[in-house]
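The following note is offered to a colleague who has the sequence and the structure at hand. It proceeds by numbered points, from the overall layout to the details of individual elements.

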Amino acid sequence: MADDKGAIVMVSRGRERDLELLIPAAGSPNDDDSCKPSSSSASSPQTGRETFYRVFRSWASKKFMTGCVILFPIAITFYITWWFIHFVDGFFSPIYAQLGIDIFGLGFATSVSFIFLVGVFMSSWLGASILALGEWFIKRMPFVRHIYNASKQISSAISPDQNTKAFKEVAIIRHPRIGEYAFGFITSTVTLQNYSGEEELCCVYVPTNHLYIGDVFLVNSQDVIRPNLSVREGIEIVVSGGMSMPQILSILNPHIQPIDSRRMTRS
């Protein structure tokens, strides 16, 4: 009987051990881990939203800058045009205001007509004589003559008259060292007399601040590169900072003598 009771106790203990293995105890750490959602599933929606916001912000900033790039030159053009119309209109609009005539643009049309008539009159012999007489008085004024001479040279640079044009041709010279070039304008030519003979030099004006400030170089005429650009195209290139420069330049004088390295100093 004792052996049977011991066998029954052992069987019951084995069954209890099996039940403990099949049914985990309450409060075990495994239950907490199973109840919590996984970190990957919780962070995936947040990561997706951040990626969407980042892509949308980049797309919106690019489109905004594209709009600014397109609208900026249009706005500047309209603003300068509007300012110019008001500026020119202000010359004759006070006269019409005294007469009781208030029509916008009438002063501008009158100013344009007046400028045209001045151009027609000054192109005649009588107008040229009166202009020469006026310049004779202005050039004898101590301070005014310097302002007049500087402004006249700038206006003569874009003059349609080939005889009075200050900028004769567009030129490209090798400056300041071998392999680098400077963009300028030929203003005159000069003959240099030395012991070895005469040398023809071109006076090349290289602007350093738009058009009214620059450097003057005397370059041998054989070393001056003359591209196929008009003076007005050259002025547009200088004023625009080189942005209107054509992609391909052809040379009008392809037979240029090779420059001697001893004539230029490396900096």
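1. Two strands are taken to pair if DSSP finds at least two bridges between them. With this in mind, alanine 171 stands opposite glycine 184 in strand 2. The model discussed here is a predicted one.

2. As to overall composition, the protein contains seven helices and four strands. Read from the N terminus, its elements follow the order α-α-α-α-α-α-β-β-β-β-α. Of its 267 residues, 18% are buried. The accessible surface amounts to about 20800 Å², and carbon and sulfur atoms account for 65% of that area. Among contacts with a separation of 6 or more, 38% link residues 24 or more positions apart.

3. Two segments deserve comment in the light of the record. An unreviewed UniProt entry assigns the feature "transmembrane region" to residues 64-85 and 105-138. In the model, residues 64-85 are 100% helix and 0% strand, with 31 Å between the end C-alpha atoms. For residues 105-138 the figures are 91% helix and 0% strand, and the end C-alpha atoms are 33 Å apart.

4. How are the four strands ordered in the sheet? They form an open sheet in the order 1-2-3-4, with antiparallel pairing. Strand 1 (169-174) and strand 4 (213-220) are the edge strands; each has a single partner strand, so one side of each lacks a neighbour in the sheet. From one strand to the next, the twist averages 45 degrees. In general, the strands of a sheet pair through backbone hydrogen bonds, in either a parallel or an antiparallel manner.

5. The pairing of strand 1 with strand 2 is antiparallel and consists of six bridges. Glutamate 169 has isoleucine 186 of strand 2 as its bridge partner. The hairpin of these two strands has six residues between them, and glycine 179 in this hairpin adopts a positive phi near 95 degrees.

6. Strand 2 and strand 3 are joined by nine bridges and run antiparallel. The hairpin that connects them passes through two residues. Within this pair, threonine 191 faces glutamate 200 in strand 3.

7. Strand 3 (residues 197-209) is linked to strand 4 by eight bridges, again in an antiparallel arrangement. Here cysteine 203 is placed opposite leucine 218 of strand 4.

8. Which strands does helix 7 lie across? Helix 7 (residues 231-239) lies across strand 1, strand 2 (181-194) and strand 3, and it runs at about 125 degrees to strand 2.

9. The distribution of burial around helix 7 should also be noted. Its buried residues, each under 20% relative accessible area, are Val231, Gly234, Ile235, Ile237 and Val238. These residues cover an arc of only 160 degrees around the axis and are therefore on the same side of helix 7. Arg232 and Glu236, by contrast, are exposed on the other side of helix 7. As a general point, an α-helix has 3.6 residues a turn, so residues three or four places apart point the same way.

10. A last detail concerns the backbone just after helix 7. At that position, glycine 241 takes a positive phi of about 70 degrees.

Note on methods:
Residues are numbered from 1 along each chain as its sequence is written. This is a predicted model: local features need pLDDT of at least 70, side-chain atom pairs count only at pLDDT 80 or more; totals for chains, interfaces and linings use all residues. Side-chain values use heavy atoms; hydrogens and water are left out. UniProt positions are given in the numbering used here, feature names are shortened, and annotations may be inferred rather than shown by experiment. Axes are lines fitted to C-alpha atoms, for helices over the stretch in contact, and angles run from 0 to 180 degrees between N-to-C directions. Contact means heavy atoms within 4.5 Å. Buried means under 20% relative accessible area, exposed over 50%, partly exposed in between (1.4 Å probe, protein chains only). The arc is that of the directions from the helix axis to the C-beta atoms. Accessible areas come from the Shrake-Rupley method with a 1.4 Å probe; for residues, only the protein chains shown count as cover.
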